[in-house]
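Subject: Structure for you to look at

Dear colleague,

I am handing over the structure that we spoke about, and I would be glad if you could open it and keep it beside you while you read the rest of this email.

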Amino acid sequence: MRIDLVSEAGEPGRPNEDFAAAAVPAGGRGGVVVVLDGVTPPRDGLTGCVHDVPWFCARLGGAVLEALARRDGSPREALAEGVARTAAAHGPGCDLTHVRTPQATVALARWDDERVEYLVLSDAALLVAGADGGVTALLDRRLNELPEGVRALRAAVRALPEGSPERAAARREYVGAVEALRNAEGGFFTAAADPAVAARAVAGALPRAEVTALAALTDGATRYAEVLRLGDWASLLAALGKEGGEAVVRRIRAAESADPDGVAHPRGKRHDDATAVFVEW
């Protein structure tokens, strides 16, 4: 078994808000992978919490990894336990009901000789290579299926010049519309402070014999296929396997730098934290 992990901050001097970990627990033949993408709050910094996103992701990621490795519950139960433990680590100065309370997207996998279990929440992703050579993307599409009015606001933001007052004003309107749909019926879900969110995740299992490789990715890495159009999902998984995660992130950064204002490839940030964990048997 081979495991390759890369995680790179989007901007120098800013903390990487992604979390990634892989483990091969003692006494077993399997392993686990956990990838989180911390949700960057708006620049006004109003989150209702005294903790930052890296603090949250470190604790949630560690708790979920431990629960998965114990193998005494499902991936949904591991995520729910991790969210509950992290919520309990907050103090009285933290308003966990605030819509911007620290939160993250999730992609995780656990495997043994018989099966590969998986879970995806929000716009993190899992790519799975089958024994037949095909590649399947395991995705939670709810963030891409927002109401038409919200998608129109997003398009309006991306059409305005980077750094302009008009873009800033349009972005504030768009952010407010998205926040109203976060962890709400008819919207989309992230791991924040309510363990019940685990029931909202896309989860399942595949026969281990039918899987030859997988990759867990944050949306800074899925830009390769979804935003920058450097290749499809199969191309991305192949590049991770043949070139390694660092080479893939370099290609992403080169494409971003060639289109700094998002004219050819509209996106919310010029560069984003990019994380990928590749596992091959």
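What follows is a walk through the cores, two of the helices, a cavity and two residues in loops.

Please keep in mind from the start that this is a predicted model.

I began with the nonpolar interior. The largest nonpolar core has 28 residues, and among these V34, L36, L79, V106 and L121 are the ones that touch the most other members. Several elements build this core, since β2 (18-23), β3 (31-38), α1 (53-70), α2 (75-89), β4 (104-111) and β5 (115-121) each supply at least two of its residues. The greatest contribution comes from α1, which gives nine residues to this core. There is also a second, separate core, made of 22 residues, and L236, A239, I252 and A255 are included in it.

L79 makes a good starting point for seeing how distant parts of the chain meet. If residues up to four places away in sequence are not counted, L79 touches V64, V106, L119, L121, A191 and A198. L79 is also one of the buried residues of α2, a group in which you will find P75, A78, A80, G82, V83, T86 and A87 as well. These buried residues of α2 pack against α1, β4 and β5. The length of α2 can be checked with a simple sum: at 1.5 Å a residue its 15 residues should span 21 Å, and the C-alpha atoms at its ends are indeed 21 Å apart, so the two values agree.

The helix α4 (residues 165-179) can be treated in the same manner. It has 15 residues, which at 1.5 Å a residue should span 21 Å, and this agrees with the 21 Å between its end C-alpha atoms. Which residues of α4 are buried? They are R167, A170, Y174, V175, V178 and E179. These buried residues cover an arc of only 165° around the axis, and therefore they lie on the same side of α4. As background, an α-helix has 3.6 residues a turn, so residues three or four places apart point the same way. On the other side of α4, P165 and R172 are exposed, whereas the buried residues of α4 pack against α3 (148-159).

R167 appears again in the next feature. The count of cavities of 30 Å³ or more comes to one, and the volume of the largest cavity is about 30 Å³. Its lining consists of R158, E162, R167, D261, G262, P266 and R267.

Finally, I would like you to look at two residues in loops. S122 sits in the loop between β5 and β6 (125-130), and it has a positive phi of about 70° although it is not a glycine. Is S122 buried or exposed? Its relative accessible area is 3%, and because buried means under 20%, S122 counts as buried. Leaving aside neighbours within four places in sequence, S122 is in contact with T105, D140, L143, F188, F189 and T190. N183, which is found in the loop between α4 and β8 (202-207), likewise is not a glycine and has a positive phi, here of about 55°. N183 is partly exposed, with a relative accessible area of 33%.

With best wishes

Notes. Residues are numbered from 1 along each chain as its sequence is written. This is a predicted model: local features need pLDDT of at least 70, side-chain atom pairs count only at pLDDT 80 or more; totals for chains, interfaces and linings use all residues. Side-chain values use heavy atoms; hydrogens and water are left out. A nonpolar core is a set of buried Ala, Val, Leu, Ile, Met, Phe, Trp, Tyr and Cys residues joined through side-chain atoms within 4.5 Å. Buried means under 20% relative accessible area, exposed over 50%, partly exposed in between (1.4 Å probe, protein chains only). Helices (H or I, at least four residues) and strands (E, at least two) are DSSP runs, numbered from the N terminus. Contact means heavy atoms within 4.5 Å. The expected span of a helix is 1.5 Å times one less than its number of residues. The arc is that of the directions from the helix axis to the C-beta atoms. On a 1 Å grid over the protein atoms alone, a cavity is a set of points where a 1.4 Å probe fits but cannot get out, and a pocket is an open set with protein on both sides within 12 Å along at least five of seven lines; lining residues have an atom within 4 Å of a point. Grid points are joined across faces, edges and corners, and a volume is the space filled by probe spheres set on the points.
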